[in-house]
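Subject: The structure you were going to look at

Hi,

Here is the structure I promised to pass on. Have a look at it first, then read my notes underneath.

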Protein chains: 2
Amino acid sequence: MSLTNASAEDAARAAKLSSRKLATLPTSARNDALDAVHDALAAARDDILTANAKDLELAQKSAKDGQLNPSIVKRLDLSRPGKFEDMLQGIKDVRNLEDPVGRVDLRTGLDDGLTLQRQTCPIGVLLIIFEARPEVIANIASLAIKSANAAILKGGKESTESFKAISTVISKALDKTDVPNDSVQMIATRDVVDALLGLSQYVDLVIPRGSNDLVSHCQRKAHMPVLGHADGLCHLYIHPDADKDMSVKVAVDSKTDYPAACNAVETLLVHEDALKTILPAVASGLIAKGVTLKCDQQSKASLSTELSKDEATKLEDATDADFNTEFLDLVLAIKTVSATPSDPIAAVDAAIDHINTHGSHHTDAVLTSSKEVADRFCNGVDSACKFWNASTRFCDGMRFGFGTEVGISTNKVHARGPVGLEGLMIHEYRLVGNGQTAAMYGSGGKQYKHKKLPL
Amino acid sequence: MSLTNASAEDAARAAKLSSRKLATLPTSARNDALDAVHDALAAARDDILTANAKDLELAQKSAKDGQLNPSIVKRLDLSRPGKFEDMLQGIKDVRNLEDPVGRVDLRTGLDDGLTLQRQTCPIGVLLIIFEARPEVIANIASLAIKSANAAILKGGKESTESFKAISTVISKALDKTDVPNDSVQMIATRDVVDALLGLSQYVDLVIPRGSNDLVSHCQRKAHMPVLGHADGLCHLYIHPDADKDMSVKVAVDSKTDYPAACNAVETLLVHEDALKTILPAVASGLIAKGVTLKCDQQSKASLSTELSKDEATKLEDATDADFNTEFLDLVLAIKTVSATPSDPIAAVDAAIDHINTHGSHHTDAVLTSSKEVADRFCNGVDSACKFWNASTRFCDGMRFGFGTEVGISTNKVHARGPVGLEGLMIHEYRLVGNGQTAAMYGSGGKQYKHKKLPL
């Protein structure tokens, strides 16, 4: 790894070359490199914390001048208890995951002595753009090495000194291993990112982890696929047969556990038959946590009579735009959905239509005691993640048991939902024969056997 | 299905709506629709052949005037013996494939009573642009219905009357089934295609099956992913330990079985130690089939002394551009690769570097009797398909045993290589709980179990 001042094209070409070398290394060579990186970072703790202190000092100054959000300052600080150890442990955790490369998922005997095999292989070169937290660089470098992908990294500018220190240590550590040094490169400036987005012959996939603006920018500019999501407009739908206490718990958690997260709920859809039975308790629970409710006419009229006067001050009128808004704050839009008299579960369809039209295809949840309703909801909603009686906040690579996460994808092709190591793999086909020709098969010739073989 | 005159936006919106309905239909409903389509086409044979005869008459006239390739006229003719039956059988074959929807490939107990499941689901709306052959419309419509994807189809203009007749029959047949009529729509003009390429909110994936120009056009214009390949610049590398007879057979088949195919070989790479031992026989075999050889200096000098005078007239000097050219004809570029004395298999690396630099990441093959050489080749080459001792022509969905093929993808993400039904699937995550919240877990709270469950 190096903090490169090379041109975008030089960096990208070097990454591509490294990626092919990396793809041929056995599991042990990649794991050894991760051990080396771990040990080198542990040994260089003091130097890294000294560099981090410089970033911190600058950031504190900027925060005092009102130019930087104080929460960023806190996230920058690698000297907080446990932070450095967590970073080191993260490298060990990734190292100890099963090797995702070369997993065979299809074997077919096309004929005797002609065997087709499909197996996983790395994507090639990843361009990963991430936020300020300095420990993320170690995590992403580990993921890249483990998955045998070359990576070009661009971190937030507030962590510049920390990144320099960490990348220097990683670079020296890699020099003593079989993993090519250029497998992980760090770039310092945003203009290099823009140049890289045009180099589809070298960069195979872009993973922007950050603001909607950053993701949208990459989606517009990139000549290669972009993995990620610009918006996280998640919904929770309450069916009349839902458990009331459960509805309160799940709605409050989905909205307030971490309101700025992409998997926080932004619109609550309520069946009209639940307006009096379930919604008041849900609204009280949300208001108690400081949530402002932007209600459609029907839900507002109903809640106004059910809530206390104090609580009712937290009710606002929803505009059309509110149902297309990712608030990322303690604000929730509420909309009533109605059933036609003839079909008791048609209201699910109305909720589904709203979600498919206004949502961002990220995570949507249903609260109901009926499996039929839940299935209809999950089959109808066009999203990466569909949850039944659980908080939208569970949409997360760590919580899903993927060990780690490079992002959450709302793309329809390739990786979808939380993306772990497996999402950094693609597949390839290998065919082994003994001189067979296509002309040998077909009308008048041999027939294909297409025998399914054990993996 | 309808031959729509709707605006691109109306057609795309209708397709999107249908796709959500289609996604909720059980296997039986989609299979019933395929049966209905099959039976209706069988019953309407005469009407369809009458319409086809009109296309044929026009095409024969154009061919006579020199405005249309006679091979296209032949491919248009649905009345050729067996052609109509093959079309009908193709629908039955697709109908009888295993349902690709809803296959569970991951189940994890995040905690007791909190179960995560990953399962396949359709992509949504496909825009498929294909060549003139009229029977392809029935094949693609079947694939779409079987895979629960809505499809908007655009066929070659030479088949207009046949398409009209076939789509009318399919449309009437679908009306009596649960599959929405708008699930398969046919568009008549190219300008509608261009408009659809901009509607990423409705169209999820574009599959252009046709000329390099068509694919490149879609790749440039589309706001959504494009599945396919513009080029098929495939390589064959001969190592000195390769079997001579096998080399001749495989090289001749790879080049001449169907030179216009994307999986035909375009560049032959030869180890310098094989120039005298293997290449002459290979060159003779190719020349006997009418292939012109564009050789680098070293191979030409060698072949000139080994071949007969007559044969040597088929040797030409290769230019740099020849090694970047998809000839799609009886022309083959030949290049010598050299080993450094210190490493007997370094020549494989030189071949790999050439392929990764000049190839199109489609299909590349190695001829060698050494597993070590073959593995090094397959690990190092950055292509969808890597073949050892077999013809590049085997890269094909039917030959791979996928039942059918919508195209061959050189994309690095999503489907890669020959794409069958499985490539028309993506996955989704479903989580079932009983009211769990994210706040219940983590420091001080419950721990995730991440128990691997049987599928």
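Below is what turned up, starting with how the chains meet and then going through some helix pairs.

A bit of housekeeping: this is a predicted model, where local features need pLDDT of at least 70 and side-chain atom pairs count only at pLDDT 80 or more, while totals for chains, interfaces and linings use all residues. Residues are numbered from 1 along each chain as its sequence is written, chains are lettered from A and ligands numbered from 1 in the order in which they are written, and side-chain values use heavy atoms, with hydrogens and water left out.

**Where the chains meet**

Chain A and chain B each put 67 residues into their contact (contact means heavy atoms within 4.5 Å). The area buried between them is about 5,600 Å², and carbon and sulfur atoms give 58% of that. Buried area here is the accessible area (1.4 Å probe) that two parts lose on being put together, summed over both. On the chain A side, A:Arg20, A:Phe394 and A:Tyr429 supply 12% of the area buried against chain B, more than any other three residues.

**Salt bridges**

Side chains of opposite charge can pair when their charged atoms come close. The rule used is a side-chain nitrogen of Lys or Arg within 4 Å of a carboxyl oxygen of Asp or Glu. It finds 60 salt bridges over all chains, and 9 across the interface of chain A and chain B. B:Asp382 pairs with A:Lys16, with the closest N and O atoms 3.9 Å apart. Within chain A, A:Glu85 and A:Arg45 form a salt bridge at 2.4 Å, N to O. That one links distant parts of the chain: A:Glu85 is in helix α5 (residues 83-95) and A:Arg45 in helix α3 (residues 45-64), 40 residues apart.

**Helix pairs**

Helices are DSSP runs (H or I, at least four residues), numbered from the N terminus. Their axes are lines fitted to C-alpha atoms over the stretch in contact, and angles run from 0 to 180 degrees between N-to-C directions.

In chain B, helix α3 (residues 45-64) and helix α7 (residues 160-175) have axes that come within 7 Å and cross at roughly 160 degrees. α3(B) and α7(B) are therefore roughly antiparallel (over 145 degrees, whereas under 35 counts as roughly parallel). Residues that meet there include B:Ile48 and B:Ala51 from α3(B), and B:Ala165 and B:Val169 from α7(B). By class, that contact has 5 nonpolar, 3 polar and 3 charged residues. (Ala, Val, Leu, Ile, Met, Phe, Trp, Tyr, Cys and Pro count as nonpolar, Asp, Glu, Lys and Arg as charged, and the others, Gly among them, as polar.)

How does α7(B) lie against helix α6 (residues 136-146) of chain B, at what angle? The angle is about 30 degrees, with the axes 10 Å apart, so α6(B) and α7(B) are roughly parallel. B:Ile137, B:Ala141 and B:Ile145 in α6(B) meet residues of α7(B), among them B:Phe163 and B:Leu174. This contact has 7 nonpolar, 1 polar and no charged residues.

Over in chain A, the axes of helix α2 (residues 27-43) and helix α6 (residues 136-146) come within 9 Å and cross at roughly 160 degrees. That makes α2(A) roughly antiparallel to α6(A).

Cheers

Terms used
Helix = DSSP H or I, 4+ residues; strand = E, 2+ residues; numbered from the N terminus. Parallel < 35°, antiparallel > 145°, perpendicular 65-115°, else oblique.
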